[in-house]
Amino acid sequence: MKRLNLILSIAFLAIGLHSFAQTDKETTVKIVADKNYTFIANSAMPMSNNDVNRVLAMMPGGQGGSSINLSGSQYDVKVTKDSIVAYLPYFGRSFSAPMDPTQGGIKFTSKNFTYTESKNKKGTYIIQINTKDVTRENYRFTINISTNGYASLTASSMNKQPIIFNGYLDEPKKQD
């Protein structure tokens with residue numbers, strides 16, 4: 001039943017997202033081709049839903065649920081040709097925790113990574129990023145980008161359960 005709810009939620013989200021374009025097709029093609037964009041996260045969906053649901057249901061006014069709203073936050077992943085800078089929260093089961101509590105989440109800067117890009121028949125970009133130089137643990141990001149700029153990012157590593165972030169792409173800010 002929970003899996004059916006998740007599938008229906010994702011379907012309604014996808015239908016709703018196609019109604020309002022975030023960017024035009026030309027902008028999306030340009031920033032993806034230039035490897036110069038920022039993924040801005042609006043929501044997170046942990047893979048360990050049962051554990052997260054129990055915690056969220058215990059919070060005041062909490063109802064639980066599989067999606068955590070991140071709107072209004074500054075969580076993002078900046079992608080350029082020579083670096084990946086990630087600043088994302090993490091909700092789920094981690095198999096090793098950092099000694100410093102401020103080092104939680106998915107926070108790193110990587111200069112040594114692999115970047116592969118492909119496009120499916122519907123025009124959706126599929127980007128695989130594998131970091132090689134992150135101190136605590138290396139990550140694999142899979143980013144699916146629609147032609148109108150909406151995207152989902154799946155983050156996985158050896159020490160944490162995977163998590164999915166939904167959001168959109170943004171052009172880098174022009175520096176004066």
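This briefing covers the fold, ring contacts, salt bridges, cavity and selected loop residues of one protein chain. The model is predicted. The chain holds three helices and 10 strands. Of its 176 residues, 36% are buried. Lys 160 recurs below: it lies over the ring face of Tyr 90, forms a salt bridge with Glu 137 and helps line the largest cavity.

**Fold**

- Along the sequence, the elements run α-α-β-α-β-β-β-β-β-β-β-β-β.
- The chain contains three helices in total.
- Strands number 10.
- Buried residues account for 36% of the chain, which has 176 residues.

**Aromatic contacts**

- The model contains four aromatic pairs.
- One of them joins Tyr 75 and Tyr 87 in a stacked arrangement, with ring centres 5.6 Å apart and planes at 25 degrees.
- Tyr 75 sits in the loop between β2 (68-69) and β3 (76-79), and Tyr 87 sits in strand β4 (residues 84-88), so this contact ties together parts 12 residues apart in sequence.
- Tyr 75 is partly exposed, at 24% relative accessibility.
- Tyr 87 is partly exposed too, at 38% relative accessibility.
- Tyr 139 and Phe 141 make a tilted pair, at 6.2 Å centre to centre and 40 degrees between planes.
- The angle of 40 degrees falls between the 30 degrees that bounds stacked pairs and the 60 degrees that bounds edge-to-face pairs, so the pair counts as tilted.
- Both Tyr 139 and Phe 141 are buried.
- Phe 108 joins Tyr 139 and Phe 141 in one aromatic cluster.

**Salt bridges**

- The whole structure has two salt bridges.
- Asp 76 pairs with Lys 78, and their closest N and O atoms are 3.1 Å apart.
- Lys 78 is partly exposed, with 41% relative accessibility.
- Asp 76 is buried, at 14% relative accessible area.
- Glu 137 and Lys 160 form a salt bridge at 3.9 Å, N to O.
- That value of 3.9 Å lies within the 4 Å cut-off, so the contact counts as a salt bridge.
- This bridge links distant parts of the chain, 23 residues apart.
- Glu 137 is in the loop between β7 (125-131) and β8 (139-145), while Lys 160 is in the loop between β9 and β10 (163-170).
- Both Glu 137 and Lys 160 are buried.

**Charge over a ring**

- Lys 160 is placed over the face of Tyr 90, at 5.0 Å from the ring centre.
- Tyr 90 and Lys 160 both appear in the lining of the largest cavity.

**Cavity**

- A search of the whole structure gives one cavity of 30 Å³ or more.
- The largest cavity holds about 30 Å³ of space.
- Its lining consists of Tyr 90, Ile 106, Tyr 139, Ala 155, Ser 156, Ser 157, Lys 160, Gln 161 and Ile 163.
- By class, the lining has five nonpolar residues, three polar and one charged.
- Lys counts as charged, so Lys 160 supplies the one charged residue of the lining.
- Strand β9 (residues 150-157) contributes the most to the lining, with three residues.
- Tyr 139 of the lining also belongs to the aromatic cluster with Phe 108 and Phe 141.

**Loop residues**

- Lys 35 is in the loop between α2 (25-33) and β1 (37-46).
- Lys 35 has a positive phi of about 55 degrees, although it is not a glycine.
- Most residues other than glycine have a negative phi.
- Lys 35 is partly exposed, at 30% relative accessible area.
- Gly 104 lies in the loop between β4 and β5 (106-110).
- Gly 104 is partly exposed, with 25% relative accessible area.
- From Gly 104 to Leu 88 the C-alpha to C-alpha distance is 9.4 Å, and the two are 16 residues apart in sequence.
- Asn 159 belongs to the loop between β9 and β10.
- Asn 159 is partly exposed, at 24% relative accessibility.
- Asn 159 and Ser 94 are 65 residues apart in sequence, yet 5.9 Å apart in space, C-alpha to C-alpha.

Definitions and conventions
Residues are numbered from 1 along each chain as its sequence is written. This is a predicted model: local features need pLDDT of at least 70, side-chain atom pairs count only at pLDDT 80 or more; totals for chains, interfaces and linings use all residues. Side-chain values use heavy atoms; hydrogens and water are left out. Rings of Phe, Tyr and Trp (its six-membered ring) pair if their centres lie within 6.5 Å; planes under 30 degrees apart count as stacked, over 60 as edge-to-face and the rest as tilted. Helices (H or I, at least four residues) and strands (E, at least two) are DSSP runs, numbered from the N terminus. Buried means under 20% relative accessible area, exposed over 50%, partly exposed in between (1.4 Å probe, protein chains only). A charge sits over a ring if NZ of Lys or CZ of Arg is within 6 Å of the ring centre and within 35 degrees of the ring normal. On a 1 Å grid over the protein atoms alone, a cavity is a set of points where a 1.4 Å probe fits but cannot get out, and a pocket is an open set with protein on both sides within 12 Å along at least five of seven lines; lining residues have an atom within 4 Å of a point. Grid points are joined across faces, edges and corners, and a volume is the space filled by probe spheres set on the points. A salt bridge is a side-chain nitrogen of Lys or Arg within 4 Å of a carboxyl oxygen of Asp or Glu.
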